[in-house]
Amino acid sequence: MPKLFGRKRPNIRDAAAAEVPDTRPSAPRYRWKGGEDEERLDELSRIIVGRAKELIDHYQEQMRKAPSRPEAMAWFDERARFLSSPRIGEIEEHKANGGKVIGTMCVFAPLELIRAADAIPVRLCSGLHNTIATGEELMADAGLCPMVKSTLGVKMTHASPFFEASDAVIVPMVCDGKFKLGEVLQDFMEVWMVNVPHIKDTQQARSMWLDEVRALQQQIETLTGNRIYWEELKREIQLSLRAQTVARRLYDLRKADPPVINGRDSLLVNQTPHTEDLSVWVEHATVLAQELEQRVRDGIAVSDPEAPRIMLAGAPIMWPNFKIPQLIEESGGSIVADELCSGTRWLYDPIGIDEWIWDDMFQAMAERYLQPSVCPCFTPNDPRIGRIKQMIEDFRVEGVVYHVLRGCHIYNGESTRVKQSAEDRGVPMLIIETEYSQEDTEQLRTRVEAFLMLVRARRKKAAKAKRRAFKTIDGSEGGDGA
Ligand code: SF4
Ligand code: SF4
């Protein structure tokens with residue numbers, strides 16, 4: 001690909017359209033009677049949006065209760081009201097000017113390519129509970145992960161302005177649920193399925209992944225009518241690198257003891273770029289990082305300095321479904337680290353560029369989505385265990401809460417190994433298997449509270465043992481002090 005500086009882009013939509021096969025079905029594959037009843041759909045959509053607003057109000061009210069919550073969270077709060085966020089107006093304006101919006105799921109879509117073609121990427125994985133029943137009208141499997149059914153239900157009921165604005169959606173084939181979700185969604189919109197190799201360290205996997213990303217580039221260019229040149233790709237990789245730098249800065253600030261930001265706020269900050277303009281996010285995340293750095297210098301804590309330091313691991317938690325982090329922090333725990341693909345993980349790994357030439361840039365950008373990823377859709381997934389162990393050390397984690405969405409086999413399958421490796425480091429782990437509904441909240445609260453008591457008891461015991469060991473060396477008390 002040649003370097004082209006300052007050259008006006010030709011419109012390539014017509015020429016490229018001939019090169020990309022149209023895989024959309026000529027007729028709907030599924031019969032959905034509910035889709036014909038527009039009145040019912042309008043009513044459903046109204047109920048869903050109303051409930052989502054209630055959930056957002058509820059969680060934001062709880063999050064604002066934190067003593068000395070960072071002031072810089074105000075911008076994130078405003079943007080998190082996603083059904084009435086100013087972002088919707090910005091996207092409408094972009095579309096009115098002929099711009100495109102491309103939906104994504106998981107963390108495998110090459111966002112730099114989407115932005116380089118002047119399209120807006122929006123992550124569409126849903127956390128809404130009351131769209132699941134509609135999703136089940138086409139994906140009836142009771143054992144299927146709620147995120148898949150909820151996401152489908154959002155599209156079927158037209159409940160999300162971001163979904164409705166999307167001209168196409170990139171669906172990675174990572175698990176059974178996503179396979180079929182992509183297939184069903186093709187009755188509603190343009191879907192680009194992406195093959196993600198599950199064994200990623202081989203040469204075949206690398207070259208297959210590069211081909212997948214090249215095919216996506218072609219699809220993006222065809223949809224937008226904009227060819228992606230060196231200059232645009234470089235600009236967008238540099239933007240991602242700025243975002244990764246500030247995300248790492250915020251990540252490091254969570255190591256502070258006592259904590260200067262609570263876990264729910266961190267999760268919200270990391271999820272805001274799912275729909276926001278990344279360059280605007282970088283500005284606000286930088287202001288937040290500066291405020292937190294000042295707090296570290298001034299010793300201002302956001303939660304009880306004695307609160308157990310908890311790491312949240314496992315299946316993604318999507319705003320506004322903050323049931324689990326809310327329970328942990330409401331029960332007196334402090335979430336100081338997370339390894340969620342909807343949290344820290346998706347902005348963690350930088351793009352490693354050797355030389356700013358097209359081939360190197362493209363390859364580094366594509367590989368960044370595959371090689372460092374510790375998503376459990378890969379096997380073997382030893383790096384995830386290594387990363388969790390390292391986080392336990394770095395963040396001085398005292399307990400791990402492992403979130404499993406019922407029906408998510410890949411996370412459930414790794415839970416025993418993560419538990420064993422945490423316990424090898426003397427850190428207990430609680431596995432919570434749950435759905436999106438709030439029905440199990442009180443039952444889970446009892447388990448979380450008992451777990452936090454256990455963590456506190458272990459801390460006390462460890463402190464006592466330390467004191468005894470010290471006395472022994474000192475000669476004032478021998479043995480175990482008995
Ligand atoms: S864990 Fe991996 S497969 Fe599951 S939702 Fe996140 S990125 Fe997708
Ligand atoms: S949470 Fe698990 S089952 Fe659900 S989409 Fe992600 S990987 Fe698939």
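**Entry 1: strands E5 and E7.** I began with E5 and strand E7 (residues 399-405), which run parallel and are joined by five bridges. Since this is a predicted model, I take every value in these notes as computed. For one pair of partners I looked up Gly314, and found that its bridge partner in E7 is His403.

**Entry 2: the sheet around them.** Following the pairing outward, I found that E5 and E7 belong to an open sheet of four strands in the order E6-E5-E7-E8, with parallel pairing. Strand E6 (334-338) and strand E8 (429-434) stand at the edges with a single partner strand each, so one side of each is left without a neighbour in the sheet. From one strand to the next the twist averages 30°. I then asked which strands H12 lies across, and noted that H12 lies across E5 and E6, running at about 35° to E6.

**Entry 3: the other sheet.** I turned next to E1, E2, E3 and E4, four strands that form an open sheet in the order E2-E1-E3-E4, where the pairing is parallel. Its edge strands are strand E2 (120-123) and strand E4 (190-195), each of which pairs on one side only. Neighbouring strands here are turned by 25° against each other on average, with direction ignored. Within this sheet I looked at strand E1 (residues 101-104) and strand E3 (residues 168-173), which run parallel and are joined by three bridges; Thr104 stands opposite Ile170 in E3. Helix H10 (residues 203-224) packs on the sheet and touches E1, E3 and E4, and its direction makes about 165° with that of E4. As a reminder to myself, strands of a sheet pair through backbone hydrogen bonds, either parallel or antiparallel.

**Entry 4: helices H11 and H13.** I looked up how helix H11 (residues 230-253) and helix H13 (residues 278-298) meet, and found them packed at an angle of about 25°, with their axes 9 Å apart. Angles under 35 degrees count as roughly parallel, and H11 and H13 are therefore roughly parallel to each other. H11 passes H13 in a left-handed crossing. On the H11 side the contact includes Leu239, Arg242, Val246 and Leu253, while on the H13 side it includes Trp281, Val282, Leu292 and Glu293. The residues of this contact of H11 with H13 divide into 13 nonpolar, two polar and three charged.

**Entry 5: helices H16 and H17.** For another helix pair I took helix H16 (residues 382-394) and H17, which pack at an angle of about 35° with their axes 10 Å apart. H16 passes H17 in a right-handed crossing. Ile385, Ile388, Lys389 and Ile392 in H16 meet Arg417, Val418, Ser421 and Ala422 in H17, and by class this contact has five nonpolar, one polar and two charged residues.

**Entry 6: the surroundings of ligand 1.** Which residues surround ligand 1? I listed Cys106, Val107, Val174, Cys175, Pro316, Cys341, Cys375 and Cys377. By class, this shell has eight nonpolar residues, with no polar and no charged residues.

**Entry 7: the surroundings of ligand 2.** Around ligand 2 I counted 14 residues, of which Cys145, Cys175, Gly177, Ala315 and Cys408 come nearest. Cys175 thus appears in my notes for ligand 1 and again for ligand 2. I asked which helices each supply at least two residues of the shell around ligand 2, and wrote down helix H7 (146-157), helix H9 (176-185) and helix H17 (409-424). By class, the shell around ligand 2 has 11 nonpolar, two polar and one charged residues.

**Entry 8: backbone details.** Before this last search I recalled that most residues other than glycine have a negative phi, and most peptide bonds are trans. Against that background I noted a cis peptide bond joining Asp257 and Pro258, with omega about 5°; Pro258 has its place in the loop between H11 and helix H12 (263-271). The peptide bond from Trp319 to Pro320 is also cis, with omega near 5°, and Pro320 is placed in the loop between strand E5 (309-314) and helix H14 (323-330). Finally I checked Asp118, a residue other than glycine whose phi is positive, near 65°, and located Asp118 in the loop between helix H5 (111-116) and E2.

How values were computed
Residues are numbered from 1 along each chain as its sequence is written. Chains are lettered from A and ligands numbered from 1 in the order in which they are written. This is a predicted model: local features need pLDDT of at least 70, side-chain atom pairs count only at pLDDT 80 or more; totals for chains, interfaces and linings use all residues. A residue is near a molecule or strand if its C-beta atom, placed from the backbone, lies within 6 Å of it. Ala, Val, Leu, Ile, Met, Phe, Trp, Tyr, Cys and Pro count as nonpolar, Asp, Glu, Lys and Arg as charged, and the others, Gly among them, as polar. Two strands pair if DSSP finds at least two bridges between them. Axes are lines fitted to C-alpha atoms, for helices over the stretch in contact, and angles run from 0 to 180 degrees between N-to-C directions. Two residues are in contact if their C-beta atoms, placed from the backbone, lie within 7 Å. Angles under 35 degrees count as roughly parallel, over 145 as roughly antiparallel, 65 to 115 as roughly perpendicular and the rest as oblique. A crossing is left-handed if the near helix is turned anticlockwise from the far one by less than a right angle, and right-handed if clockwise.
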